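These notebook entries record what I looked up, in the order in which I looked. I ask the reader to keep the structure at hand while following them.

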Amino acid sequence: MVTAKKLEPGGKSDLHTDHQILNMGPSHPATHGTVKIVLEIDGEQIVDMEVMVGYLHRGFEKECESGTWYQAIPYTDRLNYNSAILANLSFCMAVEKLLEIELPHRCLWVRTLAGELSRMGDHLTRLGAACLELGAMTPFLYGIEARELVWDLQEMLCGARVTANYIRIGGLQRQVPEGFEDRMAQSLMRIEQLLVDFDKLVTANRIFVDRFRRTGMIPAQRLIEYGVTGPLLRAAGIPLDLRKAEPYLVYDQLDFDVPVGTIGDNYDRFLVCQEELAQSIRIIRQCLPVLRKTRGEPVDVDDPKIRWPAKDRVFGRMEELIQQFKGVTEGVKVPAGEAYSAIESANGELGFYIVSDGTGKPYKVRCRAPSFMNVAPLREMMLGGMLADIVPTFDMINMIGGECDR
Amino acid sequence: MAVELLERVGELLGDAVIDSHARLGDATVLVDAGRIQEVLGALRDSDLRFNVLMDLTAVDYLGRNPRFEVVYHLASVDTEPHGTDPARLPHRLRVKAGVLEDPCEIGSATSLYVSADWMEREVWDLYGIVFKGHPDLKRILLYEQFEGHPLRKDYPKERRQPLIGPLN
Amino acid sequence: MPGKVVRVRRRERLGWAERLYLPMIFVGLGVTARVFFRNLWGYIIGKKKTFVVQYPEERLDYADAFRGHPVLVALEDGKPKCVACGLCEFACPTDCITIIPGETHDPIERIPEVFDIDMSRCMFCGLCEEACPEEAIVMSRDVELATYERGPMLFHMKDLLRDEDTLGRRIGFIRQDYDR
Ligand code: SF4
Ligand code: SF4
């Protein structure tokens, strides 16, 4: 706990000055999500601070243990509500690792595309909100317009803009709808235009540059010690990207670059995110032709014990009806054991450590949330800095309350 | 790959390793809980260079002895630049240590990995496992007045907590 | 495929135009002015160019896949198609469905006597629809559920029943996927 200390008497000034304790949050417009920061400040300088998380704790892990494996998927949407599909994906990949199943070719490509779409939504929100919180309303609107286009596509794909519930254990919620690829290609062009405008409005604006440059710095070595991953680490110059380091899905067949920064200040973080958006668009452009070519191929594993059987067979045949009943009431029987699987989410390594005891219910679901790990170094980033620099730093960390507090 | 890694880890740790397996490609070692700091220190400083503590959690195996298992996920990130190649992540290791119900404690890893700080607080919060040597072990996700540790298997999901008033 | 690491281009030193604040502000104003005149022109010629929609007067047409709150499909005689098998109750992660089965002398003997969905707990996930073996519960296109009290959020069977033809778009959409 931070406590105020009196300054030593006999200083130069005759003014009686004390360190001041300031509560920032839990409901502060700049702490998207709810987090409380208790600051000890000397004028505008931060002497000490304590970050208190947990205001959004909803018992995700406990809740998962009381349902079936299937029923945990909608809850993963609510972890990082900016990129729900990535959380779905990470969870399902962990379960599939325990099940040791091979997914159909098309499923992998659709998952990659959906994941990148989700990542774009997350980065666009982060960049837009960062401007908004520094008082620049206009760029925010451009970013959000682009994000709306992304979310419209997501709605077309899975029926909801935010809470996607798209990835299933052993497949996908449904096939990609007709005309999705064309709509996607159009939207990507519009998003690119918007990004150009966004760039013109912000990146060369001196007010913006002055507030982002050389703020919130921390050496790369400390970030490694803190277990920080994702754009934050890459901005500090370490090009760690799980899509390259441990390629999953079809990332080993895709051509994309890993942007890195130089000194790891907020400006670098901003630029890295901007460049990652461009790379995501590049990845999606490579996925689209494959999606067109493989239209009509299955996206689910053909095993009614894992994926509920297709409806026309459930309606028509007794055997499948019984399988449907068993599948719903008992859930997927995941073999006993433990597995950890991680993906590169928009904030860093999003991993799930799951333990199964062989019944249809998870014994333990643990989410290694990147946001949780990424806010921990905030104190060290800000010590000795200015009060006003907390806002841009916090924005670029992009702490998502739902994911951090679970 | 995981098997080779386990051999090297086994050599390094000697008799601190109680059990090990490489199921599903995840190299896993079960170690002596009393020597956990020594084990993690050796893994971090050896040429295997497990420099990142990615995840730290616990599992409650109610009815088993020892009841709890603290699970560490270590990763070794190659931070040296390799021209224009992305950084590599050569290996990951899962370290597990059993913790008794009483005394429910294990050594803290905070002196070795800074990232253990918050995660150990979380495990204390949700499982009630004490990390000896942690500088400031207090609840992180829940509030101070919360009774019990919710992720223990004997904590009923529907249990209600007493209403707390304003603190001052 | 080997991708490479690219270093993002920092502007360590700003140009004179950027350092003077004003020129870059005019560049920004240029961007917004362009959009403003484009929208104005759209307004004059009567072709809407703005992205923002004036909800609730104007509404967007949601995608076919859109999931609103779950509703029950009614047969021609107004009775539910549901046979009270309870699968949706099992599938629902939030336990918000309550079914009490009953029997009738109709050709379909089982019918729910009570079918309640607590909409304040429902999270529109669609698992009930996926689980139902009778196509009896589907996601509607309604999302506007706000009330002043909690009571009306408990939907009973009469609030949930909808004619099959009003749900045509959703049923048509989910049928596309039946053969997967
Ligand atoms: S949509 Fe989901 S939460 Fe709502 S009733 Fe159906 S299964 Fe339950
Ligand atoms: S699953 Fe369908 S048929 Fe069964 S109780 Fe639910 S709505 Fe009725």
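**Entry 1: a glycine in chain A**

I began with Gly143(A), which counts as buried because its relative accessibility is 4%, under the limit of 20%. I note here that the model is a predicted one. I then asked in which helix Gly143(A) lies. I located Gly143(A) in α5 of chain A, a helix that covers residues 137-158. Leaving aside neighbours within four places in sequence, I found Gly143(A) in contact with Leu124(A) and Phe198(A). I also looked up Arg111(A), which is 32 residues from Gly143(A) in sequence; from C-alpha to C-alpha the two are 24 Å apart in space.

**Entry 2: chain B as a whole**

I turned to chain B and asked how many helices and strands there are. I recorded three helices and seven strands, and along the sequence their pattern reads α-β-β-α-β-β-β-β-α-β. The C-alpha trace of chain B spans about 60 × 40 × 30 Å along its principal axes. Of the 168 residues in chain B, 52% are buried. I noted an exposed area of about 7900 Å² for chain B, with 50% of it supplied by carbon and sulfur atoms. For contacts in chain B between residues at least 6 apart in sequence, I read that 53% join residues at least 24 apart. Chain B has 20 positive and 28 negative charges, and I found their mean positions 5 Å apart.

**Entry 3: a glutamate in chain B**

Is Glu144(B) buried or exposed? I entered Glu144(B) as exposed because its relative accessible area is 52%, over the limit of 50%. I placed Glu144(B) in the segment after β7 (130-132) of chain B. With neighbours within four places in sequence left aside, Glu144(B) is in contact with Lys138(B) and Arg139(B). Asp125(B) is 19 residues from Glu144(B) in sequence, and I noted a C-alpha to C-alpha distance of 9.4 Å between them.

**Entry 4: the two ligand shells**

I asked which residues come nearest to ligand 1. Of the 13 residues around ligand 1, the nearest are Cys92(C), Cys122(C), Met123(C), Cys125(C) and Cys128(C). By class, I counted 11 nonpolar, two polar and no charged residues in the shell of ligand 1.

For ligand 2, I listed the surrounding residues, including Cys82(C), Cys85(C), Cys88(C), Cys132(C), Pro133(C) and Glu134(C). The shell around ligand 2 divides into 10 nonpolar residues, one polar and one charged.

Notes. Residues numbered from 1 in each chain as written. Chains lettered and ligands numbered in written order. Predicted model: local features only at pLDDT ≥ 70, side-chain atom pairs only at ≥ 80, totals over all residues. Heavy atoms only, no water. Near = heavy atom within 4 Å. Nonpolar A, V, L, I, M, F, W, Y, C, P; charged D, E, K, R; others polar. Helix = DSSP H or I, 4+ residues; strand = E, 2+ residues; numbered from the N terminus. Buried < 20%, exposed > 50% of the residue type's maximum accessible area, 1.4 Å probe, protein only. Contact = heavy atoms within 4.5 Å. Areas by Shrake-Rupley, 256 points an atom, 1.4 Å probe, with all protein chains shown as cover. Lys, Arg positive; Asp, Glu negative; His and termini not counted. Charge placed at Lys NZ, Arg CZ, Asp CG, Glu CD.
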